[in-house]
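This report covers one helix, one of its neighbours and a pocket. Please have the sequence and the coordinates open while reading.

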Amino acid sequence: MSDTTLAIALEATLRSERKAALRHLLRHPFTTARNHPEIFPQIVRHRQWLGDWFAEQPGWKLLVDPAAGLARLFKVPWRADATRPARCTRKPAFDPRRYTLFCLTLAALDDSPAQTTLARLAELVAESSAESGNLRRFDPDAAGERRAFVDALRLLVDLGILALRDGDTDRYVQ
């Protein structure tokens, strides 16, 4: 095989991998190595090219953290769009309380081990909300609060950030 043939084959492989990674990120802007092990190595390998392409073409930011096993494409709209609120499967759109609990849950997950319980996560969210003077305290004993908390958890599951292993969120709500 000549050097020219090898260079052409290498360039075709690079184009193919970049195209697959680009298309995947457009469909799955939050990608983890755990959920997408077949494409994640290609995203890591081509992260500089992908980051440059997303910055130049649509003006979006790409964050790739190989050590954490995640890639996040920030699709920044040119203006605010209130017509597309967060919602979990078969549930109404998020209200401000659900957004707050969603963010507090993300913070609690950051301080939690890889595997934890719903009750422990709720405790951490309650502690975080109590520490902030600007937020209404999360009360895990109130049914409405538990429903909002579970909606935040379901959105995290839908986004692939969290995986529920055992237990039942509906039973926790009750």
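Helix H5 has 14 residues and spans 20 Å from its first C-alpha to its last, close to the 20 Å expected at 1.5 Å a residue. The model is predicted. The buried residues of H5 are Leu121, Ala122, Leu124, Val125, Ala126 and Ser129.

Ala108 is found in helix H4. Beyond its neighbours within four places in sequence, Ala108 is in contact with Leu121, Leu124 and Val125, and these three are among the buried residues of H5. Ala108 counts as buried because its relative accessible area is 3%, against a cut-off of under 20%. Between the C-alpha atoms of Ala108 and Leu26, 82 residues apart along the chain, the separation is 28 Å.

H4 and H5 also take part in the second largest pocket: these two helices and strand E1 each supply at least two residues of its lining. With 3 residues, H4 gives the most. The volume of this pocket is about 930 Å³. Its lining has 27 residues, and those nearest the centre are Leu109, Ala114, Ile161, Leu162 and Ala163. By class, the lining of the second largest pocket divides as follows.

| Class of lining residue | Number |
|---|---|
| nonpolar | 15 residues |
| polar | 8 residues |
| charged | 4 residues |

As for confidence, the protein chain averages a pLDDT of 86, and 91% of the residues score at least 70. Among the elements of the chain, helix H2 (residues 40–45) has the highest mean pLDDT, 96, and helix H7 (residues 169–173) the lowest, 64. Where pLDDT is low, predicted coordinates should not be read in detail.

Methods. Residues numbered from 1 in each chain as written. Predicted model: local features only at pLDDT ≥ 70, side-chain atom pairs only at ≥ 80, totals over all residues. Heavy atoms only, no water. 1 Å grid on protein atoms, 1.4 Å probe; cavity = no way out; pocket = protein on both sides within 12 Å on 5 of 7 lines; lining within 4 Å. Points joined across faces, edges and corners; volume = space filled by probe spheres on them. Helix = DSSP H or I, 4+ residues; strand = E, 2+ residues; numbered from the N terminus. Nonpolar A, V, L, I, M, F, W, Y, C, P; charged D, E, K, R; others polar. Expected span 1.5 Å × (residues − 1). Buried < 20%, exposed > 50% of the residue type's maximum accessible area, 1.4 Å probe, protein only. pLDDT = per-residue confidence, 0-100. Contact = heavy atoms within 4.5 Å.
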